[in-house]
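Visitor: I have a few questions of the "how do you know" kind. Shall we look at the model together?

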Amino acid sequence: MGKGRLRGAVMASVVVCVTLLSLVFAGVPARAQTAFDRPGGDYFSTPVTSGDPEDCALLCERDRRCRSWSFSYPDIDGAAAVCWLKNTVPARVPGSCCISGVRGAGVIEPRVEGVETSIDRPGGDLRNFELKDGESVEACKAACTADNKCRAFTYARPGYTGREARCFLKKEIKPPRRKAGFTSGVVR
């Protein structure tokens, strides 16, 4: 086989592979990106009284101009969560303040073993306390693990139950309930 024919066969194989991969990934749903912001391209913003990023994704779906969105959690100064609709798809940048996505993305919570994202387990409290600035769900889980009476925990992000993040240690395992801004887990 000559060099020209070999090169043509390789190029044809590459085109076929790229085409097949694009068809495979076309069926995979787009996902919102937790802990990322997409600064710029804003044409509309509105408070999200529910504090739920899914409401922001839905708002984008219902607006023909919207190509992407960013949801910022309530801040520690008492300001509400905000949904930012964008007429472009700006590059994403890391930011624990936010969740962002493109139109059609919806919100798919990350799955981490032993941690239930956007879940509250109301009731059965052993005790609760404010977390120090910078402490997160890991500190709450560690506090529960260290206390033999604690069977489960719920972590509330800053702005959802007060100015600071709050940790609820549970003496009883109560049924989970979907609630934005909360993370729970069963330890024992």
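**Reasons behind the labels**

Guide: Happily! This is a predicted model, and a good place to begin is aspartate 52, which caps the N-terminal end of H2. One of its side-chain oxygens lies 3.0 Å from the backbone nitrogen of glutamate 54.

Visitor: What makes that pair a polar contact?

Guide: A polar contact needs N or O atoms within 3.5 Å. The oxygen and nitrogen here are 3.0 Å apart, so the pair meets that distance cut-off.

Visitor: Which residues of H2 are buried?

Guide: In helix H2, residues 53–61, they are Pro53, Cys56, Ala57 and Cys60.

Visitor: Why are they said to be on the same side of H2?

Guide: Because they cover an arc of only 100 degrees around the axis. The buried residues pack against strand S3 (68–72), strand S4 (81–86), S5 and strand S10 (177–186).

Visitor: S5 brings me to glycine 95, which is in that strand. Why is glycine 95 called buried?

Guide: Buried means under 20% relative accessible area. Glycine 95 has 16%, so the label applies.

Visitor: What does glycine 95 touch beyond its neighbours within four places in sequence?

Guide: Its contacts there are Ala35 and Phe36. Phenylalanine 36 is 59 residues away in sequence, yet the C-alpha atoms are 4.8 Å apart.

Visitor: And lysine 170: why does that residue count as buried?

Guide: Its relative accessible area is 3%, and the cut-off is under 20%, so lysine 170 is buried. Its place is in strand S9, residues 166–170.

Visitor: What does the side chain of lysine 170 reach?

Guide: The backbone oxygen of arginine 121, at 2.8 Å. With 3.5 Å as the limit for a polar contact, that distance falls within it, so the cut-off is met. Leaving out residues up to four places away in sequence, lysine 170 also touches others, including Pro122, Asp125, Cys150 and Phe153.

Visitor: How are the elements arranged along the whole chain?

Guide: There are three helices and ten strands, and from the N terminus they run α-β-β-α-β-β-β-β-β-α-β-β-β. Of the 188 residues, 34% count as buried.

Visitor: What share of the contacts join residues at least 24 apart?

Guide: Among contacts between residues at least 6 apart in sequence, 71% do. As for the accessible surface, it comes to about 11,100 Å², and 57% of that belongs to carbon and sulfur atoms.

Terms used:
Residues numbered from 1 in each chain as written. Predicted model: local features only at pLDDT ≥ 70, side-chain atom pairs only at ≥ 80, totals over all residues. Heavy atoms only, no water. Helix = DSSP H or I, 4+ residues; strand = E, 2+ residues; numbered from the N terminus. Buried < 20%, exposed > 50% of the residue type's maximum accessible area, 1.4 Å probe, protein only. Polar contact = N/O pair within 3.5 Å; in protein donor to acceptor, adjacent residues only side chain to side chain. Contact = heavy atoms within 4.5 Å. Areas by Shrake-Rupley, 256 points an atom, 1.4 Å probe, with all protein chains shown as cover. Arc of directions from axis to C-beta.
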